[in-house]
Amino acid sequence: MTSNRKLVAAAIISASLAVMLSSGIRSSFGLFLAPITETLGTGRENLSIAIAINNIVFGLPLIGLLSDRFGPRRVMIAGAIFYAAGLVMVALVKTTLGLMLSLGLLVGIALSATHFVIVLGAVAQLVSEDQRSRVFGIITAMSSAGMFVVPPLAQLLVSNLGWQGALYALAAVAAVVALMAFGLPSRPGTQVHGVQQPHLDEPFREVIERAARHRGYLLLTTGFFVCGFHVAFIGTHLPAFLGDNGLPEFVAAGALALIGAFNILGSVTFGWLGDRFSRKYMLSIIYLGRALVILLFLLAPVTRTSALVFGGSIGLLWLATVPLTSGIVAKIFGTRYLSTLYGIVFFSHQIGAFLGVWLGGRFYDTLGTYTPVWIAGIALGVFAALVHLPIHERTELSSAAAAAD
């Protein structure tokens with residue numbers, strides 16, 4: 001780590017708890033799909049559009065820019081406030097437009113300010129490159145821990161308090177994220193003594209221009225689109241898919257919980273492997289593995305056992321892409337503007353998420369089935385496995401660093 005271990009440990013713990021709570025609440029949205037649509041008397045596509053808007057706003061690189069400009073602490077505090085307010089508004093809305101403004105816009109902004117783009121950019125500046133994927137894996141695993149803990153709790157709240165009461169309770173949980181912000185650096189570009197930064201501080205515009213010309217960065221951005229498509233479609237529509245096949249609600253909640261539980265293992269394992277082997281090859285393995293898991297799930301009968309096995313299997317590969325993808329970006333360009341550069345890659349992820357959520361609702365309302373979207377997920381997994389192979393992971397020096405070398 002660094003000479004100031006307490007500061008680094010505080011940042012890692014704060015980042016981990018923040019994404020645990022933020023991700024846990026987000027992973028519960030699928031449980032509200034049926035009760036909200038029943039209350040409002042609307043089809044699944046309308047709520048799917050609201051969640052799809054949430055995914056797009058969640059991925060906008062604006063929040064990364066703000067973090068690199070004003071520091072991650074302020075951004076996360078504002079995000080926690082927005083998160084709580086947005087969930088309360090969702091419980092109060094009576095129209096589809098209200099859902100789009102509250103769940104789509106406000107909660108989307110909040111997620112962007114309390115999730116990976118902010119915390120990974122902050123923590124990356126405090127740890128050395130040879131341990132970065134491992135630390136990112138730990139933080140990602142805690143995100144999965146939230147997915148393991150919160151959906152069952154949310155289902156219990158829905159059963160006992162109704163979906164509006166459950167959202168009020170989750171809003172209180174979201175507000176707690178503001179406390180986690182005080183463990184992160186207060187200023188942008190903070191570095192603890194002892195971390196070797198291979199890049200000199202360079203103008204922001206030059207960094208963006210280099211990234212726009214970098215083939216590996218563009219391929220990463222393309223591949224992360226597929227990750228977003230997979231996780232958003234499955235996370236949002238899996239509960240309804242299982243319900244359509246006659247399985248009880250607790251099986252859906254259990255499948256989501258297993259995704260989170262097994263991704264703890266997957267994120268830590270692939271984060272550890274990313275510090276020892278080629279990260280691009282690890283990413284190819286993950287995407288090809290997803291395609292295979294989805295294919296086997298479609299071929300098998302939909303039962304309680306197959307649903308839970310699918311949850312555990314896809315969970316191993318769920319967010320294991322995050323420490324590897326962000327680690328490659330940091331390796332190539334350094335950490336000073338990582339929140340912005342990873343934020344741009346993450347925006348591609350969220351475009352995929354938008355399409356995964358929306359197409360799921362669209363095909364279901366039109367054809368009464370999710371099968372075309374499942375098949376698209378398989379094809380995209382194979383595509384992403386191939387896209388990562390040509391990436392070069394070597395560090396690219398800025399013009400200033402090259403001149404000083």
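In the predicted model, ring pairs join Phe 233, Phe 241, Phe 297, Phe 310, Tyr 364, Tyr 370 and Trp 374 into a cluster. The count of aromatic pairs comes to 12. Phe 233 and Tyr 370 form one such pair, with 5.9 Å from centre to centre and 65° between the planes. The arrangement is edge-to-face, because planes over 60 degrees apart are classed in this way. Phe 233 belongs to helix α10, which spans residues 215-244, whereas Tyr 370 sits in the loop between α15 (338-367) and α16 (371-387). The two residues are 137 apart in sequence, so the pair ties together distant parts of the sequence.

Both members of this pair are shielded by the chain. Phe 233 has a relative accessible area of 3% and is therefore buried, the limit being under 20%. Tyr 370, with a relative accessible area of 2%, is likewise buried.

Helix α15, which precedes the loop holding Tyr 370, also packs against another helix. Its axis and that of α7 (residues 116-124) come within 8 Å and cross at roughly 145°. The crossing is right-handed. On the α7 side, the contact is made by Phe 116, Val 117, Ile 118, Leu 120, Gly 121, Ala 122 and Ala 124. Helix α15 contributes Leu 338, Ser 339, Tyr 342, Gly 343 and Phe 346. By class, nine of the residues in this contact are nonpolar and three are polar, and no charged residue takes part. Glycine is counted among the polar residues, so Gly 121 of α7 and Gly 343 of α15 fall in that class.

Gln 350 is a further residue of helix α15. Its relative accessibility is 0%, and Gln 350 therefore counts as buried. When neighbours within four places in sequence are set aside, the residues in contact with Gln 350 are Arg 26, Asn 55, Ile 56, Phe 58 and Gly 59. One of these, Arg 26, falls within helix α1, which covers residues 5-26.

Helix α1 also includes Arg 5. With a relative accessible area of 57%, Arg 5 is exposed, because the class requires over 50%. Between Arg 5 and Val 119 the separation is 114 residues in sequence, and the C-alpha to C-alpha distance is 17 Å. Val 119 falls within the range of helix α7, residues 116-124.

Methods:
Residues are numbered from 1 along each chain as its sequence is written. This is a predicted model: local features need pLDDT of at least 70, side-chain atom pairs count only at pLDDT 80 or more; totals for chains, interfaces and linings use all residues. Side-chain values use heavy atoms; hydrogens and water are left out. Helices (H or I, at least four residues) and strands (E, at least two) are DSSP runs, numbered from the N terminus. Buried means under 20% relative accessible area, exposed over 50%, partly exposed in between (1.4 Å probe, protein chains only). Rings of Phe, Tyr and Trp (its six-membered ring) pair if their centres lie within 6.5 Å; planes under 30 degrees apart count as stacked, over 60 as edge-to-face and the rest as tilted. Contact means heavy atoms within 4.5 Å. Axes are lines fitted to C-alpha atoms, for helices over the stretch in contact, and angles run from 0 to 180 degrees between N-to-C directions. A crossing is left-handed if the near helix is turned anticlockwise from the far one by less than a right angle, and right-handed if clockwise.
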